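Trainee: Could we go through this model together, please? I would like to start with how its strands are arranged.

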Amino acid sequence: MNLLKANNLSHSFDTELFSNVSLNLDAKQSMAIIGLSGSGKSTLLNILSTLLVPSEGEVYLFGKNVTSMKEKELERVKRKDLGLVFQQHYLFRGFSVEENLEISAILSDEDIDKKLLKRLGVENTLQQKVTELSGGQQQRISIARVLTKKPKILFVDEPTGNLDNVTGDEVKKIFFDYIDEEEAGMVLVTHNEEFAMDCNIVYKLQNKELVRVK
Ligand SMILES: Nc1ncnc2c1ncn2[C@@H]1O[C@H](COP(=O)(O)OP(=O)(O)OP(=O)(O)O)[C@@H](O)[C@H]1O
């Protein structure tokens, strides 16, 4: 099943960042986008996850052109089917870990996954305030919060940056297991070559083009 398709995307801020970017992501596939700092990886991820409108080209989610979707429909897809794990997480700072996870569970009609929290090593933080946790713990809670809603496509920007190697490896495994078990897909932006090369498809953004390297 096709989850995500991009046709001839290009984007410019002051100058052109990239052009003619086309790609395809099916269920159970993971795709990494690598490239130098400033090459436009996060910008491309923002376009694919519908946070940013491209200068040119089309994005299709589950076979449907995003620009042809009604506002309500796109909102529903974003809330339920797209999972965004970004470098900066957007946890509600004044609330406890449990409250943060509950919001996600309620909005998507799913349950908090205790097994997942255990695997992430944060099962004992539920009663703590987000602000009392380390950066790495907050990162893991934000991953738990996103996976709680069981999204069909994960958009992940440098997820292991804040984490030590052992935890980073566990997080990597959690993402791969998740897309297998839920028949989801993942688009990953990273400087971590090992994580990138473990994906099914690897692209490099260089000289304003998206070049397939795996
Ligand atoms: N909203 C914006 N307005 C203007 N310029 C922007 C905006 N967002 C990003 N840029 C510029 O676009 C370029 C690409 O940024 P982007 O964050 O996509 O690169 P990246 O490859 O993800 O970098 P990194 O690996 O350092 O995270 C940068 O020069 C950045 O300053």
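Trainee: What is the order of the strands in the open sheet of 4 strands?

Mentor: Good place to begin! This is a predicted model, where local features need pLDDT of at least 70, side-chain atom pairs count only at pLDDT 80 or more, and totals for chains, interfaces and linings use all residues. Residues are numbered from 1 along each chain as its sequence is written. Strands are DSSP runs of E with at least two residues, helices are runs of H or I with at least four, and both are numbered from the N terminus; two strands pair if DSSP finds at least two bridges between them. Here the pairing is antiparallel, and the order is β2-β1-β4-β5.

Trainee: Which strands have one side left without a neighbour in the sheet?

Mentor: Look for strands with a single partner, because these stand at the edges. The two are β2 (16-26) and β5 (64-65).

Trainee: How many bridges join β1 to β2?

Mentor: Strand β1 covers residues 2-12 and runs antiparallel to β2. Across this pair, L4 stands opposite L25. The number of bridges is 7.

Trainee: Which helix gives the most to the shell around the ligand?

Mentor: A residue is near the ligand if its C-beta atom, placed from the backbone, lies within 6 Å of it. The residues surrounding the ligand include F13, L17, K41, S42 and T43. With 3 residues in the shell, the top helix spans residues 41-48, and that is α1.
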